[in-house]
Structure formats: C-alpha cells, structure tokens
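User: I would like to go through the cysteines and the nonpolar packing of this model with you. Please reason through each point before giving the value or name.

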Amino acid sequence: MTEPPEASAAAEPPDPAARTGSTGAEPGTPPSTGPGTTGAPGAQLSAEPRTAEPRTAGPRTVTARATAAGVIVSALLILAIVLGSRLLENFDSALLPYAVATVFLAFGVAYRYTVWVSAPGARRLFKQGWRSFFSVANFRKAPTALPRMIATYLGFQKFLGARSHARWAAHQLIFWGCILASLITFPLTWGWFTFTSGSGSGPGYEMRIWGFKIIGFDSLDFLGWLMFHGLDIAAVLVIPGASYFLWRRMKDRGAITGQRFAYDLVPLIALIVISVTGLLLTFSSIFLHGGGYEFLAVLHMVSVVFTLIYIPFGKFFHIVQRPAAVGMQLFKYTARQDQEVLGCRRCEEPIDTGPYVDNLRGTMRDLGLDFDEWAEYCPRCKRVLRGSAYLSQVKKGFK
C-alpha cells in the first residue's frame with residue numbers, strides 16, 4: 001500500500017451516510033472528528049479539547065466503595081479462619097503475625113481490585129470477560145477453549161515463550177514455586193491444615209483439613225519427606241527464577257531504562273530473601289542443631305509479612321489481575337471462530353475481531369475521547385493519515 005498521492009485527499013470529510021464500523025469505506029476516508037474540528041485526520045490534535053468529562057465515578061465514591069469491599073473481604077477471611085480452625089482450636093498462635101498479614105493482604109487486594117475495576121477500560125474488560133466466561137453460546141461453540149486458555153494462559157503462560165525462552169522458564173519457576181508455597185502456607189497459617197502424631201513424637205503422622213483426617217503417612221518415607229519439605233522445594237524453584245530476573249534487570253539495557261527500584265527490584269529481592277531464609281531454617285535445624293534458628297525465624301517472618309502486605313500495591317498485583325484477562329482472551333477467540341475480523345477502513349488489512357474493536361471504541365467514549373473511530377484503522381494507516389493531515393492543515397501555514 002502506497003501513500004496517497006495528494007495530501008488533500010486525506011482532508012476530505014467522511015461520508016455521513018457511511019455506517020460506523022463498516023469495513024467498506026473508501027481508502028483514504030478518515031473518521032469524523034466531531035463538532036469543532038476539521039474533517040482532517042489528526043486535526044483534533046490541535047483543536048480545543050472537549051469539555052465532556054469521562055463517565056466515571058468520583059474519587060470519593062470509588063474510595064468509599066473500595067474501602068467497603070476491603071472491610072467485607074477481610075471480615076469474611078477472619079470468619080473463615082475462626083470457623084476453619086474449629087473456633088481457633090487448631091490455630092497456632094506462633095503463626096499469628098502471618099495470619100494478620102493475610103488479613104491485610106485480603107483488604108489490600110479487595111481495595112485495589114475495586115479501584116482498578118472502577119476505571120472504564122478495566123470495567124469493560126471485567127464485564128466482557130465474565131460475560132464470555134458464563135456464556136452458554138461460547139461453551140457450545142468451543143467447549144474446550146476455556147480449559148485450554150486457563151492451562152496455557154494462566155498455568156504455562158505460553159505468551160511469554162514468544163518473547164524469550166529464558167524469561168518463560170524463569171517465570172515458570174517463580175510461578176509454580178509461589179503456587180506451591182501458597183497452597184502450604186496459607187492453610188497452615190489459618191489453622192485449616194494440621195499435622196498430628198499418634199505417638200506424640202512420630203514417625204506416624206496424620207494430615208487433617210478442618211479437623212477431618214485426610215491421609216496418614218510416615219515422616220521417614222518419601223511422602224513424609226515431601227510433606228515436611230514442601231516449602232523447601234518451593235524455595236529451590238523460586239531462587240533461580242527470581243535471581244535470573246534480578247540479574248537481567250542489572251545487565252539488560254532495555255530493562256534498566258524503565259525499571260523502578262520499589263516496583264521492579266524490591267519484589268525480586270523479597271522473594272529471594274524469603275526463600276533463602278526458609279532454606280536456612282531447615283539447614284539450621286538439621287546441621288546446626290538449631291543454632292541461630294530464632295534469628296532466622298524472625299527474619300523470615302518479617303520478610304514474609306512485608307511481602308504479603310506489599311502484594312496489592314506493587315508489581316505482584318498483576319497476579320490478581322491476570323485471571324480477568326482470560327475472559328477477554330475467550331471473548332476474542334470465540335469472535336474469531338465466527339470470522340468477525342474487522343478490516344482497516346483504509347487498507348482493509350485485518351485489525352482485530354469486530355466485537356473487540358467495538359469494545360475498544362466504547363471504552364474510548366467512556367473516557368470522553370471523541371476520536372474513537374480511529375480504532376478502525378491499522379497503525380500504519382493512522383500514521384499516514386496523521387502525516388497527510390499535518391501537511392495539509394499545519395505545515396501549509398508556515399512561510
């Protein structure tokens with residue numbers, strides 16, 4: 001596709017009878033830019049801003065709603081801890097700081113998530129994702145799509161492999177290490193999991209969930225070793241993954257350019273400190289007969305509590321955000337199955353699915369942006385039309 005021979009062709013106003021969102025518009029026909037601007041693409045860049053405000057809730061309303069959500073979720077977690085531990089009968093008081101930190105974590109996640117969903121773009125993503133998730137029509141068209149996306153997008157995160165195999169491998173180590181640690185730590189901290197010995201000193205143990213016996217095992221066999229060293233296995237997975245990303249952020253010029261210490265480096269350092277101190281606790285109990293154990297236990301506890309409280313307000317928050325994107329991926333996938341791919345209004349190159357572009361335009365309208373029709377142009381045509389508008393509307397005014 002070549003550039004239009006005449007810059008004035010880009011300044012022609014669009015056909016008012018043309019249907020919004022159609023792909024059959026004449027090449028070079030730009031979208032209308034609304035009253036108060038010229039018909040030239042890009043002319044709205046120099047026009048007076050519109051006075052319409054984005055249709056979003058006020059800051060006080062969002063803060064109040066987010067605070068209420070945080071309080072409710074925290075109260076529900078406290079209730080679950082009390083009931084799950086059989087009215088604190090199975091609750092270990094030595095783990096109280098961890099339990100308190102998880103309550104703050106619940107409040108922070110609920111608060112931040114509510115604020116995030118209150119933004120127009122995230123709200124549409126959230127609604128569209130859940131609508132696709134519960135859609136019977138989507139299930140009929142692609143019954144295996146959702147399980148595959150959960151496995152590939154959330155579990156194995158194949159989209160990272162397209163960027164770098166090393167980054168994908170490191171991310172997988174961190175991901176599965178943190179999943180394993182969470183599945184062990186949270187239930188133990190809340191008193192939901194208990195390990196009891198029939199003889200008082202082993203080697204026979206019983207694992208109970210909410211007071212009900214699940215499995216019995218010998219602490220001296222392989223299963224018993226896995227039971228008591230699950231957190232050590234998680235630490236062994238996390239350390240190389242976090243160390244790789246920390247090394248990359250110290251050496252890679254592209255990563256150094258945009259990184260922030262508190263946002264990018266502190267999470268990695270926290271993961272490494274938690275993992276190393278956890279391994280040192282095991283080392284102290286086995287090889288040092290408990291030497292330095294108390295100091296290491298306090299250091300480990302402080303690092304874990306800090307990280308739990310930090311999660312909602314740092315880079316780790318993307319862990320909570322990521323599942324919401326699965327519904328949007330399903331939304332795009334099912335639209336492609338129906339061949340609803342929208343073409344660029346100028347060059348007719350495929351852009352994305354029609355429903356996805358409509359969703360993007362709706363978000364732009366919610367934000368009070370009056371050039372949402374530009375979503376129907378591919379990136380190259382946007383650059384060409386803006387350049388043509390500059391030549392015809394701006395540069396001609398210079399002597």
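User: To begin with the cysteines, is C378 buried or exposed?

Analyst: This is a predicted model, and in it C378 has a relative accessible area of 9%. Because buried means under 20% relative accessible area, C378 is classed as buried.

User: How many disulfides does the model contain?

Analyst: A disulfide requires a pair of cysteine sulfur atoms within 2.5 Å. The sulfur of C381, a residue buried at 0% relative accessibility, has its closest cysteine sulfur in C378, 3.4 Å away, which is too far for a bond. C378 is accordingly in no disulfide, and the count for the model is zero.

User: Turning to the largest nonpolar core, which helix supplies the largest share of its residues?

Analyst: This core has 21 residues, among which A242, L271 and L308 touch the most other members. At least two residues each come from helix 2 (96-118), helix 7 (165-190), helix 9 (230-251), helix 11 (261-287) and helix 12 (293-310). The largest share, five residues, is supplied by helix 11.

User: Which residues does L271 touch, leaving aside those up to four places away in sequence?

Analyst: L271 is one of the three core members that touch the most others, together with A242 and L308. With residues up to four places away in sequence left out, the contacts of L271 are I174, C178, V238, A242 and F316.

User: How many residues make up the second, separate core?

Analyst: Apart from the core of 21 residues, there is a second one that includes A122, F317, M328 and F331. The number of residues in this second core is nine.

Note on methods:
Residues are numbered from 1 along each chain as its sequence is written. This is a predicted model: local features need pLDDT of at least 70, side-chain atom pairs count only at pLDDT 80 or more; totals for chains, interfaces and linings use all residues. Side-chain values use heavy atoms; hydrogens and water are left out. Buried means under 20% relative accessible area, exposed over 50%, partly exposed in between (1.4 Å probe, protein chains only). A nonpolar core is a set of buried Ala, Val, Leu, Ile, Met, Phe, Trp, Tyr and Cys residues joined through side-chain atoms within 4.5 Å. Helices (H or I, at least four residues) and strands (E, at least two) are DSSP runs, numbered from the N terminus. Contact means heavy atoms within 4.5 Å.
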